[in-house]
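User: Let's walk through this one together, contact by contact. I'll ask, and you talk me through the reasoning.

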Amino acid sequence: LKNYDIDLVIDIGANEGQFAKKIIDYGFKNKIISFEPIKNVNKILRYNSKNHQNWIVNKSFGFGNLNQTKLINVSKNSVSSSILEINKKHLRAQPDAMTIGKEKIRLITLNSYLNKYKFKNKKIFIKIDTQGYEENIIKGSKKKIKNISGFMLETSIKPLHNKEKDYSHIIKLMKKMGFSVWAMARGFSDKKTGQVLQVDIIFINDNEK
């Protein structure tokens, strides 16, 4: 964030604010806008952000490839909640990811959001952790994607949700959009076997120097 002079982080799939809290702890003082569509989790997120002037929590809505309403599968641990259905591999590695309910949520596209608020002269970095729904959000940003400096995406080595695309597909998609891999970090792993199931990948706009 410092290297590319990022002055706005959009945190999609914020859950309780773990990512925003981490970058604040590392010294990021510029604006953060967090989004979490599940209402009771959004309340916790708001509470966690209240002592940070640079951290804003938006209304309870999510992002996708269309402006529409969807059902989200709410997991017991909340962090594994997804619009996509969790598969058996995920549940074997993380039993508390089980679905305990469904909630209707509103989705908008990044195109719509960025067109509405514009954020003139802002260098924008977008973090997306939406449990397999990342591709849909990226596709909903096509018209505005050239204005974004970088992304951090949670991707699966082995799909953990039905209809989820793996990390290699996401890398190809981002390359087509004009972004290259800048860094990768180990994410969720199977504690029993040691197998890495997800990696976080940072992509930087090819127009960045």
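User: Which residue forms a salt bridge with K123?
Analyst: Quick ground rules: this is a predicted model, so local features need pLDDT of at least 70 and side-chain atom pairs count only at pLDDT 80 or more, while totals for chains, interfaces and linings use all residues. Residues are numbered from 1 along each chain as its sequence is written, and side-chain values use heavy atoms, with hydrogens and water left out. A salt bridge means a side-chain nitrogen of Lys or Arg within 4 Å of a carboxyl oxygen of Asp or Glu. For K123, the closest N and O atoms are 2.9 Å apart, and the partner is E208.

User: How many residues apart in sequence are the parts that E208 and K123 tie together?
Analyst: Helices (H or I, at least four residues) and strands (E, at least two) are DSSP runs, numbered from the N terminus. E208 lies in the segment after β10 (198-205), and K123 in the loop between α4 (110-117) and β7 (124-128). So the sequence separation of the parts this pair ties together is 85 residues.

User: What is the relative accessibility of K123?
Analyst: The classes are buried under 20% relative accessible area, exposed over 50% and partly exposed in between, with a 1.4 Å probe and protein chains only. The partner E208 is partly exposed, with a relative accessible area of 22%. K123 counts as partly exposed too, at 24%.

User: How many salt bridges does the structure hold?
Analyst: One of them joins D25 to K21, with the closest N and O atoms 3.1 Å apart. These two lie four residues apart in helix α1 (residues 18-25), about one turn of the helix. Another joins E135 to K139, at 3.2 Å between the closest N and O atoms. The total for the structure is five.

User: Is D25 buried or exposed?
Analyst: Its partner K21 is partly exposed, with a relative accessible area of 37%. D25 has 54% relative accessibility, so it counts as exposed.

User: Which residue is linked with E135 and K139 in a network of salt bridges?
Analyst: E135 and K139 are four residues apart in helix α5 (residues 134-139), about one helical turn. E135 counts as buried at 10% relative accessibility, whereas K139 is partly exposed at 37%. The network of salt bridges links this pair with K165.

User: How far from E164 is the nearest side chain of opposite charge?
Analyst: For charge, Lys and Arg count as positive and Asp and Glu as negative; His and the chain ends are not counted. E164 is found in the loop between β8 (148-156) and α6 (167-176), and E164 is buried yet has no salt bridge. The nearest side chain of opposite charge is K165, at 11 Å.

User: Which side chain does a polar contact join to that of E164?
Analyst: A polar contact is a pair of N or O atoms within 3.5 Å; within protein, one must be able to donate a hydrogen and the other to accept it, and residues adjacent in sequence count only if both atoms are side-chain atoms. The contact here is 2.6 Å, and the side chain joined to E164 is that of S156.

User: How are the rings of Y117 and F119 arranged?
Analyst: Rings of Phe, Tyr and Trp (its six-membered ring) pair if their centres lie within 6.5 Å; planes under 30 degrees apart count as stacked, over 60 as edge-to-face and the rest as tilted. The structure holds 10 aromatic pairs. For Y117 and F119, the centres are 6.1 Å apart and the planes are at 25°, so the pair is stacked.

User: Which residue's ring has the charged end of R106 over it?
Analyst: A charge sits over a ring if NZ of Lys or CZ of Arg is within 6 Å of the ring centre and within 35 degrees of the ring normal. One aromatic cluster is formed by F35, F61, F63, Y113, Y117 and F119. The charged end of R106 is 4.9 Å from the centre of the ring it sits over, that of F61.

User: What is the bridge partner of I72 in β6?
Analyst: Two strands pair if DSSP finds at least two bridges between them. An open sheet of three strands runs in the order β4-β6-β5, with mixed pairing. β5 and β6 (residues 99-108) pair in the antiparallel sense over eight bridges. In β6, the bridge partner of I72 is E103.
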